[in-house]
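Hello,

Here is the structure I promised to pass on. Please open it next to this email and follow along as you read.

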Amino acid sequence: MKLSRLALAIALTPGLALAQTSSREDALKLSDTLITANRDVEQRSDSSAASTVFTRADIERLRPASVPKLLAQVPGVQVANYGGRGAAYGLYIRGTSTAQTLVLIDGVRAGSATAGGAALQFLSVDQIERVEVLRGSRSAIHGADAMGGVIQIFTRRGEGEGLRPHMRIAGGSDSIWERTLGLSGGDERTRFNLSAGLEETAGIDRTRTSYASDADHDAYRNRSWALSLSHSFADDLEAGFTLLDQRGKTEIDNPFGNWGAPAAPYDEYSTSTSTVWLDGRVNDIWRSRIELGHSEDKQENFDKLFPGSTVNNTYRDSASWLNTLTLGNGHGLRLGLDYLNDKVRSSSDFGVSNRDNKAAFVQHSFQGDRFGTELGMRHDDNEQFGNENTFNGALSYQLDGDNQLILSYSEGFRVPTFADLYWPFDGFYRGNPNLKPEKSRSYELQWRSQLSPSTRLETSLYRTDFQDLITTTSDWSTVDNINRARVNGFEATLKQELFGWHGDLGISIIDPRNRETGHNLPNRAKRTLNLNLDRQFGSIGVGASFTAVSSSYGNAANTSELPGYGVLDLRASWQTNSELAFDMKLANVLDKDYSRLLYQHNGQEYGYQETPASLMIGMTWTPQL
C-alpha cells in the first residue's frame with residue numbers, strides 16, 4: 001500500500017481521536033467478540049448475526065490442513081473439494097453458492113471478479129490470527145455478494161512486549177512439508193508481526209478414471225509472507241497497515257481435456273491483500289475509522305501439451321469511511337460510505353473489464369433491559385447495474401438472564417461476474433450481457449440459551465427465497481436468470497464441558513430447492529454434523545473431530561447421487577516447556593473413500609478423490625528473548 005494513501009487518510013480526518021486504544025486489535029485475540037457483523041467491535045452475544053469465531057488458539061488446537069477444511073467445521077457451511085491441497089473448491093453457506101458468499105481479508109474484499117469466489121485454498125493457516133463466519137445475508141452492511149454469509153480472515157498480529165520469534169516445521173504423508181518463520185513484538189504503543197512460510201506436497205491423484213496424462217500425483221507449492229503494524233500516536237489516535245502475499249503453483253487434473261484431447265495443466269497463482277487504516281474519536285459520542293484497501297487475484301493456467309496460457313487477473317481497490325455514534329439510553333447509530341473498483345485483465349476478450357460501486361449505509365440499534373432492535377438500509381450505485389437498496393431488521397427479546405430470542409429479516413443481492421456476462425464462446429457456453437443481479441430475502445428465528453454454567457446452546461430456524469438466480473441453461477449454450485429457489489434450514493450448536501472434556505457439537509438440516517424444477521440444488525447435502533472433543537492432561541492435549549455428511553446430488557437434474565460419509569480425525573499435542581511444543585494429527589483415520597463433486601470422462605461420471613488417511617507431525621519453537 002502506498003504511503004500516499006495513508007497520508008490521504010490522515011488528511012481526510014483532522015482532529016480525530018481514538019475511542020479505545022487498540023480496541024479492535026485487542027478484540028482479535030478474544031473468542032467472545034465480533035467485528036464483521038456490524039464492522040465494529042461488539043460482544044458476540046449482542047449481535048443479531050448467527051456466527052462462528054475461530055481464534056489463533058482454536059486454529060492451533062484443530063490444526064486444519066487448509067482454510068476450507070477449517071470452514072467445514074462450521075454448522076451450515078459445506079465445502080466440496082476438487083481433490084487434495086491446493087485444489088479449487090465449492091463453498092455453500094446455508095445452501096447458497098460460492099459466489100454468494102463475501103470473503104474479506106483484514107476488511108478488504110478478496111477473490112476473483114471472473115470466477116466469483118476467493119482462492120482460500122491458497123491461504124496459509126499459519127498466517128491467520130482469526131476467522132469470523134457469519135451465516136445469513138449481511139448485504140445491508142457489506143453490499144453485494146453477502147447473500148449467504150460473510151467470511152472475514154484476520155492476519156497474524158503482534159502480542160505482548162518485547163520481541164517474540166516463532167518457528168514451525170511439520171511434515172507428513174504425501175511428502176507434505178510446512179515451514180514458518182516469524183517475529184512479533186511491540187510495546188505500549190506499537191505492535192508488529194512479520195512472518196514467512198513455505199508449504200509443499202507431492203499431492204494425490206485428484207481424479208479417478210481419466211486420461212493417462214492425469215494418472216499422476218498433483219503437486220502443490222505455496223510461498224507466503226505477511227506483515228502487520230499498528231501504532232498509537234496518542235491515547236486518542238491509532239493507525240496501522242497489513243500486507244499478505246501468497247503465490248505458488250498447483251497441478252490440475254483435467255478429465256475433460258483440451259478441446260477433447262488429453263491434457264496435463266497447472267496453475268501459477270498469486271493472491272495478495274493490503275490495507276491501511278486510521279481510527280479515532282471526534283468527540284464523546286462519535287468514533288470514526290477510514291480504511292483503504294487493495295487486493296489482487298492472479299491465476300495463469302498452462303498446458304504442458306499445448307502452447308500458450310490462460311490468464312484471469314482481478315485487481316480491486318476499495319475505500320471505506322465508518323462512523324459509530326453512541327447516542328445514549330441504549331441507542332446507537334452506524335453510518336458508512338464505501339467505494340469499490342473491480343478491474344479484470346484476461347487473455348479472454350471481455351466486453352467490459354472495469355466497473356466501480358459507490359454505497360452508503362445507515363443502521364440504528366437499540367438495547368433495552370428486555371428488548372433490542374436493529375434496523376438498517378444500504379444504497380448501492382453500481383456502474384453497470386444501477387441502484388440497489390437492501391434492508392435488514394432484527395428484534396431481540398431477553399426471556400430471562402439465560403435465554404434470548406432473536407427474530408430477523410435481511411435482503412441480499414449479487415451482481416453478475418465478468419465471466420457471467422462476457423465469457424467468450426469456447427465450444428461449451430458463452431456469457432450473457434443481459435443478466436440481472438440475483439436477489440434474496442431471508443427470515444430467521446434464533447434461540448440462544450445458557451443451559452448451565454458449562455453448557456451453551458444456540459439454534460436457528462430460517463428460510464431464504466432467491467430470485468433471478470444465474471445458472472447455465474439446459475442446453476449448456478449460455479447462462480441466464482432462469483431459476484427461483486428457496487432454502488429452509490435449521491442449525492444448532494452445543495458447547496459443553498464435562499469431566500474435563502470440552503465438546504463442541506454442530507448440526508445443520510437444510511432443504512435447498514429449485515422452485516422451477518422441484519429438484520435439490522446440486523452439491524448440497526441435506527444434513528451435516530460436526531463434533532469436536534478436546535481435553536488437556538497437564539502439558540499433553542488430546543482431541544478428536546468427527547464430520548458426517550449425508551448424500552447429495554452432483555448435478556442439477558438430480559440424476560447422479562453422491563453417497564454420504566463420515567470422517568474421523570485424531571490429534572495430540574505436547575508442550576514440553578514454555579518454548580517448545582510438538583503436535584500430531586491423524587486425518588481421515590478410517591481411510592474413508594468419498595467424493596463431493598463429479599466430473600465426466602468418456603460419457604461416464606466419476607467423483608473427485610479426497611485425501612485418504614494421512615499423518616502430520618509438527619514442532620513449534622517460540623524462544624524467549
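Thr 464 counts as buried, because its relative accessibility is 8% and the cut-off for buried is under 20%. Keep in mind that this is a predicted model. Thr 464 sits in strand β24, which covers residues 455-472. Its side chain makes a polar contact of 3.0 Å with the side chain of Ser 442. Ser 442 is also among the residues that Thr 464 touches beyond four places in sequence. The others in that set are Ser 440, Arg 441, Ala 485, Arg 486 and Val 487.

**The chain overall**

The chain has six helices and 35 strands. How does its radius of gyration compare with that of a compact globule? For 625 residues such a globule would be near 25 Å, and the chain has 24 Å, so the two agree. The C-alpha trace spans about 70 × 60 × 50 Å along its principal axes. Of the 625 residues, 55% are buried. Take the contacts with a separation of 6 or more: 61% of them come from residues 24 or more positions apart. The exposed area is about 26400 Å², and carbon and sulfur atoms supply 56% of it.

**A five-strand sheet**

Look next at the open sheet with the order β3-β8-β9-β6-β7. Its pairing is mixed. β3 and β7 (108-109) stand at the edges with a single partner strand each, so one side of each has no neighbour in the sheet. Strands of a sheet pair through backbone hydrogen bonds, either parallel or antiparallel. β8 (residues 128-135) and β9 (residues 149-155) run antiparallel and are joined by seven bridges. One place to check this is Arg 130, whose bridge partner in β9 is Phe 154.

Val 53 lies in β3, residues 50-55. Is Val 53 buried or exposed? It counts as buried, because its relative accessibility is 13%. Leaving aside neighbours within four places in sequence, the contacts of Val 53 include Arg 130, Val 131 and Glu 132. Ser 31, Thr 33, Leu 34, Arg 44 and Asp 58 are also in contact with Val 53. Leu 30 is 23 residues from Val 53 in sequence, and their C-alpha atoms are 9.2 Å apart.

Gly 149 is in β9. Gly 149 counts as buried, at 0% relative accessibility. Beyond four places in sequence, Gly 149 touches Gln 100, Thr 101, Leu 102, Leu 134 and Gly 136. Gln 624 is 475 residues from Gly 149 along the chain, and 40 Å separates their C-alpha atoms.

**The nonpolar cores**

The largest nonpolar core has 26 residues. Which residues have the most contacts inside it? They are Leu 71, Leu 120, Val 131, Ile 151 and Ile 153. The elements that give two or more residues to this core are α3 (56-62), α4 (67-71), β4 (77-81), β5 (89-93), β6 (101-105), β8 and β9. Another core, of 11 residues, lies apart from it, and Ala 113, Ala 419, Leu 435 and Val 479 are among its members.

Ile 151 is worth selecting in your viewer. Leaving aside neighbours within four places in sequence, Ile 151 is in contact with Leu 71 and Val 131. Its other contacts include Leu 91, Ile 93, Leu 102, Val 103, Leu 104 and Val 133. Thr 101 and Glu 132 are in contact with Ile 151 too.

β4 is mostly covered, with five of its five residues buried. Val 77, Val 79 and Asn 81 point one way, while Gln 78 and Ala 80 point the other way. β4 and β5 run antiparallel, with five bridges between them. In that pair, Gln 78 stands opposite Tyr 92.

**Two positive phi values**

Arg 63 is not a glycine, yet its phi is positive, near 50°. Arg 63 is in the loop between α3 and α4. Asn 329 is not a glycine either, and its phi is positive at about 55°. Asn 329 is in the loop between β17 (306-328) and β18 (331-346). With a relative accessible area of 72%, Asn 329 is exposed.

Best wishes

Key
Residues are numbered from 1 along each chain as its sequence is written. This is a predicted model: local features need pLDDT of at least 70, side-chain atom pairs count only at pLDDT 80 or more; totals for chains, interfaces and linings use all residues. Side-chain values use heavy atoms; hydrogens and water are left out. Helices (H or I, at least four residues) and strands (E, at least two) are DSSP runs, numbered from the N terminus. Buried means under 20% relative accessible area, exposed over 50%, partly exposed in between (1.4 Å probe, protein chains only). A polar contact is a pair of N or O atoms within 3.5 Å; within protein, one must be able to donate a hydrogen and the other to accept it, and residues adjacent in sequence count only if both atoms are side-chain atoms. Contact means heavy atoms within 4.5 Å. Two strands pair if DSSP finds at least two bridges between them. The radius of gyration is taken over C-alpha atoms; the globule rule is 2.2 Å times the number of residues to the power 0.38. Accessible areas come from the Shrake-Rupley method with a 1.4 Å probe; for residues, only the protein chains shown count as cover. A nonpolar core is a set of buried Ala, Val, Leu, Ile, Met, Phe, Trp, Tyr and Cys residues joined through side-chain atoms within 4.5 Å.
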